[in-house]
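Okay, thanks for having me. I'll take one part of this fold and walk through it, so let's get the picture up.

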Amino acid sequence: MKNSWMISLITSFVLLGGVLLSPTTSANAAKEATSTYSDQSYSEEESEFSEDFADDLELDDAEQELTKDQKDFKKYLEQISRLVPYESKAVDTLGSVGGEVNSTNRKSMYLKLTNTVIPNYTKTVSMLKQIKPSNPELKKIHAYYVKGSYLQLEGYLLYKQAVSKNKVNSKILQQGRAKVRAAGVLLDQYEQQIYPYARNIGYLH
């Protein structure tokens, strides 16, 4: 699984025009754009038009209400964002060990798995299981994330077992890698389905 993938996913919802931002954000941006160039020689009429336009935009955005599905999805993203620090810390820490596991880095990997990776990823899985989307379609998509993360945790536990002795157990290590690869397939399915879902409910423009 690529490092901090969920941070990228959530960030992209904001950058692609999702309504995760507050309704008045675009209006405030319009006002900032107007004030940024306030030192330039605008006529009084142009200045009044810009201000009126920003006020109208803010009013329109404030009046626009989210649908039930959009509200549920916004809540879902907020819940997901809370587990991102734990997931990222686990994945980034494991990635810092390097590619190939050998007698040189075995102890370092064992300590990182025991002290950081597994505790943080266990927390991630636990938090994921507590998220219960009300929308049936979102619930189905979320299941890929839960199953994938659970498989990934199982893979990490096998990694720990493989490096727990003085000699790396290659067989158990391969079993762990197989679990992580299977997890990657499920997590990819989640990522591939969550964007279309967000677009279908009008969350992304």
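So, how far apart should the end C-alpha atoms of helix H6, residues 136-162, be at 1.5 Å a residue? This is a predicted model, by the way, so what follows is read off predicted coordinates. H6 has 27 residues, so at that rise its expected span is 39 Å, and the end C-alpha atoms do sit 39 Å apart, in agreement.

Look at where H6 starts. Asn135 has a side-chain oxygen that comes within 2.8 Å of the backbone nitrogen of Glu137.

Now bring in helix H7, residues 170-200. We can do the same check there: 31 residues at 1.5 Å each should give 45 Å, and the end C-alpha atoms of H7 are 46 Å apart, which agrees. H7 has an asparagine at its beginning as well: Asn169 caps the N-terminal end, with a side-chain oxygen 3.2 Å from the backbone nitrogen of Lys171. At the other side, just after H7, Gly202 adopts a positive phi of about 80 degrees.

How do H6 and H7 pack, then, in angle and axis distance? The angle is about 160 degrees, and the axes are 7 Å apart. Anything over 145 counts as roughly antiparallel, so that's what we call this pair. Their crossing is left-handed. As for what lines that contact, the residues split into 19 nonpolar, 10 polar and 5 charged.

There's a nice detail between those two helices. The structure has 6 aromatic pairs, and one of them is Tyr145 with Tyr190. Those rings are 4.8 Å centre to centre with 35 degrees between the planes, so a tilted pair. Tyr145 belongs to H6 and Tyr190 to H7, so the pair ties together parts of the chain 45 residues apart.

What else does H6 meet? Helix H5, residues 106-130, packs against H6 at about 160 degrees with the axes 10 Å apart. H5 and H6 are therefore roughly antiparallel too, and H5 passes H6 in a left-handed crossing.

Then there's helix H4, residues 68-95. Its axis comes within 13 Å of the H6 axis, and the two cross at roughly 15 degrees. That makes H4 roughly parallel to H6, and here again the crossing is left-handed.

So, to recap from the viewpoint of H6: H7 is roughly antiparallel, H5 is roughly antiparallel, and H4 is roughly parallel. That's my bit.

Technical notes
Residues are numbered from 1 along each chain as its sequence is written. This is a predicted model: local features need pLDDT of at least 70, side-chain atom pairs count only at pLDDT 80 or more; totals for chains, interfaces and linings use all residues. Side-chain values use heavy atoms; hydrogens and water are left out. Helices (H or I, at least four residues) and strands (E, at least two) are DSSP runs, numbered from the N terminus. The expected span of a helix is 1.5 Å times one less than its number of residues. A polar contact is a pair of N or O atoms within 3.5 Å; within protein, one must be able to donate a hydrogen and the other to accept it, and residues adjacent in sequence count only if both atoms are side-chain atoms. Axes are lines fitted to C-alpha atoms, for helices over the stretch in contact, and angles run from 0 to 180 degrees between N-to-C directions. Angles under 35 degrees count as roughly parallel, over 145 as roughly antiparallel, 65 to 115 as roughly perpendicular and the rest as oblique. A crossing is left-handed if the near helix is turned anticlockwise from the far one by less than a right angle, and right-handed if clockwise. Ala, Val, Leu, Ile, Met, Phe, Trp, Tyr, Cys and Pro count as nonpolar, Asp, Glu, Lys and Arg as charged, and the others, Gly among them, as polar. Rings of Phe, Tyr and Trp (its six-membered ring) pair if their centres lie within 6.5 Å; planes under 30 degrees apart count as stacked, over 60 as edge-to-face and the rest as tilted.
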